[in-house]
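Colleague: Got a minute to go through this one with me? I have a few quick things to ask.
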Amino acid sequence: MSRISRRDALKRGLFGLAGVASVASGASVAKASTLGTHVDPHTVMTGGLPAGAGIDPTAFLTNFDYGVVSKGANGQTVRDYRITSVDRTIEIMPGLFYAAWTFNGQVPGPTLRCTEGDLIRVHFTNAGTHPHSMHFHGFHPAGMDGVFEQVPPGGAFLYEFEARPFGLQLYHCHTMPLKRHIAKGLYGAMIIDPKQGRPRAHEMVMVMNGFDVNFDGENEVYAVNTVPFAYQSQPIPLKRGELNRIYLVNVLEFDLINSLHIHANFFNLYRTGTSLVPHEFTDTVSMGQGERHIVEFTYDRPGKFMFHAHQSEFAELGWMGLFDVNPGEIA
Amino acid sequence: MKRWGWFALPLALLAVLSLVVVKGGTLSRLARGLPPVEELTVDRVRLTPGHITLDIVNGGPDPVTVAQVMVDEAFWMHTMTPERTIPRLGRAQIEIPYPWVEGEPHQIKLVTATGVTFDHEIAIAAETPKADGGYFATFALIGLYVGVLPVAIGLLWLPFLKRLDRRWIHFSLALTAGLLVFLAVEALHEALELAGRVAGAFQGIGVVALGVLGSWLFLQAFGGRRKTAEGGDNPTATRLRLAFLIALGIGLHNLGEGLAIGAAYAQGAVTLGSFLIVGFMIHNTTEGLGIVAPVAQDNPSLKNLALAGLLAGAPTIVGAWLGGLAYSPLLGTVCMAVGAGAILQVVGVLYKAVAQEAGETLWSPLNAMGVAAGLLIMYGTGLLVAA
């Protein structure tokens with residue numbers, strides 16, 4: 001308290017008086033208990049899923065864009081993707097609208113998928129109101145980096161490079177001011193599968209993001225795949241005994257760190273997905289912005305299990321979900 | 001009735017013009033498609049076990065839709081009545097089941113549909129008293145300690161004042177003026193400060209101007225009426241009326257003070273002990289002295305003294321009741337502004353009364369010292385309550 005007025009002092013003076021007075025009301029204040037309140041972890045605090053999110057969070061988990069496939073001169077697989085940046089207001093929570101900048105009208109942008117060694121051709125068109133670009137993590141020539149080749153509104157650019165190395169990559173706009181362009185929604189995941197493939201699994205893409213809805217440089221909203229509490233509203237069904245694989249990307253702006261924790265289980269962690277041998281066996285992983293990992297685990301017991309950021313604050317601001325492990329099926 | 005036709009002409013034109021603006025869309029050039037300016041104010045918070053209730057006001061130019069509610073940086077379930085969109089100058093209530101912790105602060109953040117956020121801090125969480133017998137008894141006791149008793153004790157200076165000669169009576173009247181000026185400045189400051197917390201469209205500063213000048217004008221116009229109705233200029237009656245006017249001014253001030261106390265107590269912003277209560281009793285006892293100073297040379301009846309004492313002190317109780325039940329920054333601003341205006345008016349009356357009696361010696365060093373002493377006494381006893 002910066003300033004103490006006579007009336008402030010009055011307020012304080014009264015506590016002693018209440019003691020003197022200790023009539024019914026004073027006594028009841030002392031007894032006030034809030035222990036009885038029960039908050040059910042199933043309760044979705046925000047009123048469920050928004051209608052206008054621009055993505056269906058459940059569908060997004062398993063939506064992969066393999067591009068238009070053709071064969072190149074030397075038999076190389078060529079994949080042509082079409083990405084357009086558009087301004088779009090999305091409803092990230094029921095009733096809460098955010099003026100996003102998007103790739104193909106969705107946040108995160110589509111998950112691009114290919115195999116190591118493929119020739120990638122991304123036909124990018126900027127239909128937004130600001131200059132944008134696409135910057136892919138991975139090996140590529142300097143002129144394909146999306147830093148110096150800014151695409152003005154109405155402009156277009158063809159990004160062409162060979163998909164290397166295999167792993168879980170990230171793409172995002174690299175136009176200054178960078179923070180604003182990323183925070184507004186211009187990012188997505190790119191999976192480069194190893195030539196020999198990975199073991200068969202139930203796969204899910206989870207892009208950890210957030211929204212600074214009042215533009216004060218801090219996030220008010222946290223999520224995986226944009227919609228807070230999406231997988232609490234609609235738990236992700238898993239099969240008992242089946243291998244699950246999460247392609248986990250952290251693009252969270254403003255906060256230094258983000259994390260994933262899964263309940264009642266441990267997972268194999270493949271850092272950046274660049275190795276087929278796990279780096280770690282754990283149940284919680286922390287990640288800075290731009291880091292991404294592949295996570296593999298199997299549930300042997302049925303029931304609902306929570307997963308969330310182990311920054312409790314992020315969890316309660318939206319980055320919280322549930323797996324629903326089906327009791328009947330053993331894969 | 002031709003006159004009224006001319007009176008109505010500009011109004012009719014204004015109505016037509018308004019219709020053109022609203023319906024005609026001629027001002028579409030001015031619309032820029034930007035998000036509306038939003039303003040929400042939390043007027044009042046009520047805490048019951050496991051439950052937070054917010055009264056919110058839309059003081060901005062446009063309707064505001066509350067999309068989500070955060071408590072302590074967590075999105076939280078809630079219900080909102082009558083609906084999520086609050087029209088301009090409209091009100092709504094938000095119910096939040098939340099396990100708040102007694103004695104600890106809590107942060108509430110309202111997120112509107114456009115992503116604008118409005119923060120409200122519950123400084124110290126404590127259960128809001130219920131309006132039952134115990135509530136009224138407790139708050140009456142608070143008012144009794146802070147308002148009624150100190151004023152009553154101050155009245156008991158009357159026999160002492162009676163034993164002073166005229167010069168010192170004038171000194172004590174000057175001292176009363178000093179006390180009152182101090183109270184008026186304090187009330188005005190409080191009114192202006194509260195005005196800053198009033199929802200924008202309700203124009204807190206305008207309310208202060210209305211309150212101060214309104215009460216001043218009212219008392220100026222009607223405070224002296226009985227005198228002319230009676231025809232005679234009975235100096236004893238005039239002095240008694242002055243005492244009642246002072247009591248009224250102090251009473252209005254104490255109403256505002258009681259309001260603030262009641263609100264603070266109800267919201268749990270109360271922490272200290274008996275030392276400060278004693279400080280306040282000393283501080284406010286001077287108010288009683290101010291009431292009896294004008295009638296020191298008379299023999300006011302016990303009934304009149306008691307009435308004047310109640311007029312000055314009892315509003316503290318009423319204010320405390322009100323403050324605990326229905327406090328809002330707007331109500332607080334009105335009370336404080338009205339109190340300030342009333343006191344200033346009384347200072348004016350006091351000045352005239354002494355000027356009539358003292359004539360040339362009005363601004364004698366003794367009287368000037370009296371005013372200064374009044375200010376100093378309030379300042380000095382104020383130190384007792386400034387923790």
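Colleague: How many residues of domain 1 of chain B are in contact with domain 2 of chain B, and how many on the other side?
Modeller: Bear in mind that this is a predicted model. Nine residues of domain 1 touch eight residues of domain 2 in chain B.

Colleague: Which element gives the largest share of the domain 1 side?
Modeller: Strand S1 of chain B, residues 40–48, with four residues. By class, that side of domain 1 has three nonpolar, three polar and three charged residues.

Colleague: Where do the domains of chain B run?
Modeller: The assignment puts domain 1 at 40–122 and domain 2 at 133–385. Their C-alpha centres are 37 Å apart.

Colleague: Switching to helices. At what angle do H5 and H10 of chain B pack?
Modeller: About 35°, with the axes 7 Å apart. H5(B) covers residues 204–222 and H10(B) covers 329–358. The crossing is right-handed.

Colleague: Which residues make the contact?
Modeller: From H5(B), they include Gly204(B), Val208(B), Gly211(B) and Trp216(B). From H10(B), they include Leu330(B), Ala337(B), Gly341(B) and Leu344(B).

Colleague: And how do the contact residues of H5(B) with H10(B) divide by class?
Modeller: Into 13 nonpolar, eight polar and no charged.

Colleague: Now H9(B). Where does H9(B) bend?
Modeller: At Leu311(B), by about 35°. A proline, Pro315(B), follows within four residues.

Colleague: What should the span of H9(B) be, residue by residue?
Modeller: H9(B) has 25 residues, 302–326, so at 1.5 Å a residue it should span 36 Å. Its end C-alpha atoms are 35 Å apart, which agrees.

Methods:
Residues numbered from 1 in each chain as written. Chains lettered and ligands numbered in written order. Predicted model: local features only at pLDDT ≥ 70, side-chain atom pairs only at ≥ 80, totals over all residues. Axes fitted to C-alpha atoms, helices over the stretch in contact; angles between N-to-C directions. Helix = DSSP H or I, 4+ residues; strand = E, 2+ residues; numbered from the N terminus. Left-handed = near helix turned anticlockwise from the far one by under 90°. Contact = placed C-beta atoms within 7 Å. Nonpolar A, V, L, I, M, F, W, Y, C, P; charged D, E, K, R; others polar. Domains from an automatic or database assignment. Expected span 1.5 Å × (residues − 1). Bend = angle between axes of the 7 residues up to and from the residue.
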